[in-house]
Amino acid sequence: MGKNNTTILIVAMVLTAAMIMEEAKSYPICNTDTNDLQKCSPAVTGNSPPAPGPDCCAVAKSADLECLCPYLSLSGIDPSKIKSVLASCGVGNPSCLSW
């Protein structure tokens, strides 16, 4: 695994852990921070996730989604759930979710 792929994998693991932990330390990334990303966690987890709330949509609208692409693809989150959140929030899909 190349150095860039290793770095992306490590950051993705940190992001995933931060989204799971309730009192996670916040890390700035892609025009947002890891604690803000956690606001969307309920909308992308489980079999029938609820619609995203206003706080999640604010994060989706302000985050640099193209920058987040490598982390989204390595996060283990179902891409269709991410696309559903973005659509509900009126945000276009980044290139990594264009299918």
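**Exercise 1. Classify P50 and place it in the fold.**

Step 1. P50 has a relative accessible area of 48%, so P50 is partly exposed. The cut-offs are these: buried is under 20% relative accessible area, exposed is over 50%, and partly exposed lies in between (1.4 Å probe, protein chains only).

A note on the model: it is predicted, so local features need pLDDT of at least 70 and side-chain atom pairs count only at pLDDT 80 or more, while totals for chains, interfaces and linings use all residues. Residues are numbered from 1 along each chain as its sequence is written, and side-chain values use heavy atoms, without hydrogens and water.

Step 2. Find P50 in the loop between α3 and α4. Helices (H or I, at least four residues) and strands (E, at least two) are DSSP runs, numbered from the N terminus.

Step 3. List the contacts (heavy atoms within 4.5 Å). Beyond its neighbours within four places in sequence, P50 touches P42 and A43.

Step 4. Turn to V85. P50 and V85 are 35 residues apart in sequence, and their C-alpha atoms are 9.5 Å apart.

**Exercise 2. Describe helix α6.**

Step 1. Helix α6 covers residues 79-88. Its buried residues are K81, I82, K83, V85 and L86.

Step 2. Ask what they pack against. The partners are α3 (41-44), α4 (54-62) and α5 (65-74).

Step 3. Look past the helix. G90 follows α6 and has a positive phi, near 75°.

**Exercise 3. Is T32 buried or exposed?**

Step 1. Locate T32 in strand β2 (residues 32-33).

Step 2. T32 counts as buried because its relative accessibility is 10%.

Step 3. Leave aside neighbours within four places in sequence. T32 then contacts Y27, L37, V59 and A63.
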